[in-house]
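Let's work through a few exercises together, with the sequence and the model side by side. Try each task on your own before reading its solution.

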Amino acid sequence: MSTPENPQTPPAVDTDVQPETSIEAQLTQIQAELVASNDAYLRAKAEAENVRRRADEEISKARKFAVESFAESLLPVVDSLQAAIALPDASAAQVLEGVHATLRQLTAALERHKVVEVAPPAGTRFDPHQHQAISVVPADQDPNTVVAVLQKGYLIADRVLRPALVTVAAPKS
């Protein structure tokens, strides 16, 4: 008659396998897997370090040369200013014409690089994100609207580089 299994008794061991050979083979296999895993880990770590180093180098180069295109577009402006200085006998009309041409070159260079002027016309709603109120004056227009621009502001790619300095209409009392 069979006795009921006791859950605390260890499972039966296969006595046909030689335990010493099996343990040595398992140990050798585990050691080989450990060496392979360690090698794979070291290779992955080295690759991650190489990727990080290359990314750092690319970021450094991007920062270093980010202004290159902008500076290149300003060189004609420099050339124009140097040409103006080289003509000391130029008439006031010639100098004024040169200044206007140079300003057009500079404005075009700024626009090519997404630097946009902020000069709100009178009556435009005051925007504290793009305008800086220098004074509040009584005016015959809606309160909190721009009365005059004292200095133009500039945006670069929708980010304020310099706010426009404005006077603002006072609230009516």
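## Exercise 1: a hairpin

Strand 4 and strand 5 are antiparallel partners, joined over 3 bridges. Keep in mind that this is a predicted model.

**Task.** Find the bridge partner of isoleucine 156 in strand 5, then describe the residue with positive phi in this hairpin.

**Solution.**
1. Start with the pairing: isoleucine 156 is bridged to arginine 159 in strand 5.
2. Next, look between the strands, where the hairpin has 2 residues. The loop that connects strand 4 (153–156) with strand 5 (159–162) contains alanine 157.
3. Check the backbone: alanine 157 has a phi of about 50°, a positive value, although this residue is not a glycine.
4. Finish with accessibility. Exposed means over 50% relative accessible area; alanine 157 has 57%, so it is exposed.

## Exercise 2: another positive phi

**Task.** Locate lysine 114 between its flanking elements, and decide whether it is buried or exposed.

**Solution.**
1. Place the residue: lysine 114 sits in the loop between helix 3 (92–112) and strand 1 (115–118).
2. Read its phi, which is near 65°; that is positive, in a residue other than glycine.
3. Lysine 114 has a relative accessibility of 54%, so it counts as exposed.

## Exercise 3: the order of a sheet

**Task.** Work out the strand order of the open sheet with 3 strands, and explain why strand 2 and strand 3 each have one side without a neighbour.

**Solution.**
1. Trace the strands across the sheet: the order is 2-6-3, and the pairing is mixed.
2. Now the edges: strand 2 (131–137) and strand 3 (146–151) each have a single partner strand, so one side of each lacks a neighbour in the sheet.
3. Compare directions: on average, neighbouring strands of this sheet are turned by 30° against each other, direction ignored.
4. Zoom in on one pair: strand 2 and strand 6 (residues 164–169) run in the parallel sense, with 6 bridges. Within this pairing, histidine 131 has alanine 164 of strand 6 as its bridge partner.

## Exercise 4: a residue in strand 6

**Task.** Is threonine 167 buried or exposed, and which residues is it in contact with beyond its neighbours within four places in sequence?

**Solution.**
1. Threonine 167 belongs to strand 6.
2. Buried means under 20% relative accessible area; threonine 167 has 9%, so it counts as buried.
3. Leaving aside neighbours within four places in sequence, threonine 167 contacts Ser135, Thr145, Val146, Val147, Ala148 and Leu150.

Note on methods
Residues numbered from 1 in each chain as written. Predicted model: local features only at pLDDT ≥ 70, side-chain atom pairs only at ≥ 80, totals over all residues. Heavy atoms only, no water. Pairing = 2+ DSSP bridges. Helix = DSSP H or I, 4+ residues; strand = E, 2+ residues; numbered from the N terminus. Axes fitted to C-alpha atoms, helices over the stretch in contact; angles between N-to-C directions. Buried < 20%, exposed > 50% of the residue type's maximum accessible area, 1.4 Å probe, protein only. Contact = heavy atoms within 4.5 Å.
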